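Morning, everyone. I have one structure to go through today, and I will keep to what can be read from the coordinates. Please have a look at it before I start.

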Amino acid sequence: MPCNRIIPANPVDITIPDNTSMQPGESFTKTWRLINGGSCAWNSQYSVIWFSGEILSAPRVVYLNRTVNPGESVDISVDMVAPDRSGYYQSNWKLNSPSGQLFGIGPTGNSPFWVRILVEKHDTPTPEPSLTPTATPVIGMTGIANLMPNDAVDLETALINQNKADDLSYTIEANNVAQLNPLNGARLVMYGGKPPSLQDCMNTAVSEEPVVINGVSMGVYFCYITNEGKPGWLRLVFRNASDLNLTMDILTWQLP
């Protein structure tokens, strides 16, 4: 039995289940229930740390406030704040041992646990100006991209490994963390389980930060802005467990 191992409790999400609706700027506390499935006690030198995704105005490190012996569970809470812009946001976290070993959940113990929220703006008497183009959107390109680890794709053409034209790379980082990495000024964010419209992607906060896809279900949509400023979406279709090949659908709009 390894020294450091997490078993997710059932349920693991004590507060804020996936895709909980939030108001812009709303404060909330995310609580996970985790079970010490290893052979070492977690003492006050163990901490939960922000690993990737959106930080959500949270502290990057929160230390445990009691010892958790093997087989015991603990509720870990982190105070967060919803972003001001609408859209889906995911924040990924892991536990950190006193020696600096990061460990998470999943079959290999390397996947982060997370919080995923939907920030929604309700109608007000004085609506904010819309960012949506008034002209009818035109689809510039649709295609399928098959990426091996360390491949990159140009989201305007679906061509692989075009260097400076590439918008997104697919990498496997330490501890088998799979990431989508925006390149050359492109931006990306997880959207959800249904295809976004042009308006959805134009009004969703995209980021140049990498997005971890461990634990993300196939069929999930992401919004992006390419390095040429064109909006679009991609959908995770299939990830091969043996060679880690990743297949995705791509749609890029051509703004008038």
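I will start with the cysteines: there are two disulfides in this structure. Bear in mind throughout that this is a predicted model.

One disulfide joins Cys3 to Cys40, with 1.9 Å between the sulfur atoms. The torsion about that S-S bond is about -125°, so the link between Cys3 and Cys40 is left-handed. In sequence the two cysteines are 37 residues apart, and the bond connects distant parts of the chain: Cys3 sits in the segment before β1, and Cys40 in the loop between β3 (27-36) and β4 (47-53). Is this pair buried or exposed? Neither label fits, because Cys3 has a relative accessible area of 29% and counts as partly exposed. Cys40 is also partly exposed, with a value of 24%.

The other disulfide is formed by Cys201 and Cys223, where the sulfur atoms are 2.1 Å apart. This link is left-handed too, with -75° about the S-S bond. Here the pair spans 22 residues and connects helix α1 (residues 198-202), which holds Cys201, to strand β17 (residues 221-225), which holds Cys223. As for burial, Cys201 has 1% relative accessibility and counts as buried. Cys223 is buried as well, at 0%.

If you number the bonded cysteines along the chain, the disulfide pattern is 1-2, 3-4.

Now the charged pairs. How many salt bridges does the structure hold? There are six, and I will show three of them.

Take Arg116 and Asp18, whose side chains meet in a salt bridge at 3.6 Å, N to O. Arg116 is in strand β9 (residues 113-119), while Asp18 is in the loop between β1 (6-13) and β2 (20-22), so this salt bridge ties together parts of the chain that lie 98 residues apart in sequence. The two ends differ in their cover. With a relative accessible area of 11%, Arg116 falls under the 20% cut-off and is therefore buried. Asp18, at 31%, is partly exposed.

Next is Arg235 with Asp249, a salt bridge with an N to O distance of 2.6 Å. Both partners are in strands: Arg235 belongs to β18 (residues 231-239) and Asp249 to β19 (residues 246-254), and the two residues are 14 apart, which links distant parts of the chain. Which class does each side chain fall into? Arg235 is partly exposed, with a relative accessible area of 24%, and Asp249 counts as buried at 17%.

The last one I will show is Glu228 with Lys230, again a salt bridge, at 3.6 Å, N to O. Glu228 has 54% relative accessibility, which puts this residue in the exposed class.

On to the secondary structure. The protein chain has one helix and 19 strands. The radius of gyration is 19 Å, close to the 18 Å that the globule rule gives for 256 residues, so the chain is as compact as a globular protein of that length.

I will pick out one sheet. Five strands form an open sheet in the order β12-β11-β13-β14-β16, and their pairing is antiparallel. Which strands stand at the edges? They are β12 (159-160) and β16 (211-212); each has a single partner strand, so one side of each has no neighbour in the sheet. Further in, β13 (residues 168-173) and β14 (residues 177-182) pair in the antiparallel sense over six bridges. If you want to find the register on screen, look for Ile172, whose bridge partner in β14 is Ala178.

To finish, some figures for the whole chain. Along the principal axes, the C-alpha atoms fill a box of roughly 60 × 50 × 25 Å. Of the 256 residues, 47% are buried. Among contacts between residues at least 6 apart in sequence, 62% join residues that are at least 24 apart. The chain exposes about 12,100 Å², and carbon and sulfur atoms supply 50% of that area.

So, what should you keep in view when you go back to the model? Start with the two disulfides: the one between Cys201 and Cys223 links helix α1 to strand β17, and the one between Cys3 and Cys40 links the segment before β1 to the loop between β3 and β4. Then add the salt bridge of Arg116 and Asp18, which ties together parts 98 residues apart in sequence.

Methods:
Residues numbered from 1 in each chain as written. Predicted model: local features only at pLDDT ≥ 70, side-chain atom pairs only at ≥ 80, totals over all residues. Heavy atoms only, no water. Salt bridge = Lys/Arg side-chain N within 4 Å of Asp/Glu carboxyl O. Helix = DSSP H or I, 4+ residues; strand = E, 2+ residues; numbered from the N terminus. Buried < 20%, exposed > 50% of the residue type's maximum accessible area, 1.4 Å probe, protein only. Disulfide = S-S within 2.5 Å. Pairing = 2+ DSSP bridges. Rg over C-alpha atoms; globule rule 2.2 N^0.38 Å. Contact = heavy atoms within 4.5 Å. Areas by Shrake-Rupley, 256 points an atom, 1.4 Å probe, with all protein chains shown as cover.
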